[in-house]
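Let's take a walk through a metal site and a set of annotated positions. Have the structure open as you read.

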Amino acid sequence: MKQLVAFDLDGTLAESKQPLGEPMGEALADLLDVAHVAVISGGDWPQFDKQVASRLPERADRTKLWLMPTTGTKLYTYKDGSWTPVYAELFDDATKAKILEAFDASLEATGFVPEQTWGERIEDRGSQITFSALGQQAPIDAKEHWDPKFEKRKVIQADLKQRLPGLSINMGGATSIDITREGVDKAYGLKKLRDASGIELDAMMFIGDAIFPGGNDYPAKELGLDTVRVRDPEETLAVMAGIVACLKK
Ligand SMILES: [Mg+2]
């Protein structure tokens with residue numbers, strides 16, 4: 001018997017970056033009457049608040065809802081009338097300092113120290129640190145000219161990998177490099193959810209629009225969960241109605 005239904009957010013519960021539609025809010029309230037519900041997605045908490053938390057109807061039993069921003073490296077639950085962080089796997093100050101030092105050393109070693117920078121170069125998104133080579137306030141023009149073909153960053157990335165073992169280092173926007181812990185995906189988040197909720201993986205199911213090799217929901221299937229692949233939120237509504245019918249007393 002399933003006790004918890006976990007969902008992807010964008011493309012599954014809502015259109016990309018959009019708030020839940022009203023029928024979806026009602027469907028989640030129906031589902032929360034018969035099961036625990038989790039939502040796991042790459043966005044940070046403000047995005048979850050805007051898309052999900054603030055869109056639920058009054059009657060929804062929020063105490064059975066588990067919200068997992070940044071691919072489950074954060075968990076929010078509803079306690080005493082408000083959404084409360086249960087955990088957030090942030091980089092500690094020592095790691096942040098180490099990352100900053102590694103960037104300086106790396107720029108020096110590769111010969112790509114920029115002539116000028118604008119503002120802070122490190123942006124702390126909690127479980128992700130983004131390094132902007134020219135600084136966060138750099139004018140677009142300067143950014144576009146610094147590394148349009150990723151040539152500098154490929155060299156810096158290779159150098160950084162040596163300096164920062166155990167971290168995942170990827171190129172982001174025009175001048176940026178993103179650093180996260182290695183091995184963070186939805187399987188990782190769902191295991192964290194099992195530990196936090198006490199609900200075993202075989203009592204969970206997962207619904208998402210990207211359950212195929214290379215899709216960001218695929219790790220849930222590889223983890224061994226029962227999964228349902230949906231095309232869009234419309235189809236998710238149909239699947240949810242089926243689950244509610246099977247689970248209600
Ligand atoms: Mg999706």
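## Around strand β9

Aspartate 178 is in contact (heavy atoms within 4.5 Å) with Gln128, Ile129, Thr130, Ser168, Ile169, Asn170 and Gly172, leaving aside neighbours within four places in sequence. With threonine 130, aspartate 178 also shares a side-chain polar contact of 2.9 Å; such a contact is a pair of N or O atoms within 3.5 Å, where within protein one must be able to donate a hydrogen and the other to accept it, and residues adjacent in sequence count only if both atoms are side-chain atoms.

This is a predicted model, in which local features need pLDDT of at least 70 and side-chain atom pairs 80 or more, while totals for chains, interfaces and linings use all residues. Residues are numbered from 1 along each chain as its sequence is written, and side-chain values use heavy atoms, without hydrogens and water.

Serine 176 lies in strand β9, residues 176–181, and aspartate 178 is placed in β9 too (strands are DSSP runs of E, at least two residues; helices are runs of H or I, at least four; both are numbered from the N terminus). Two accessibilities are worth setting side by side (buried is under 20% relative accessible area, exposed over 50%, partly exposed in between, with a 1.4 Å probe and protein chains only):

| Residue | Relative accessible area | State |
|---|---|---|
| Serine 176 | 9% | buried |
| Aspartate 209 | 24% | partly exposed |

Now for the metal: Asp8 (OD), Asp10 (O) and Asp209 (OD) coordinate the magnesium ion at 2.2 Å. Aspartate 10 sits in the loop between β1 (4–7) and α1 (22–32) and aspartate 209 in the loop between β10 (204–208) and α7 (218–222), so this pair ties together parts 199 residues apart in sequence. Donors here are N, O and S atoms within 2.8 Å of the metal (3.2 Å for Na, K and Ca); water is not among the atoms, so sites may look incomplete.
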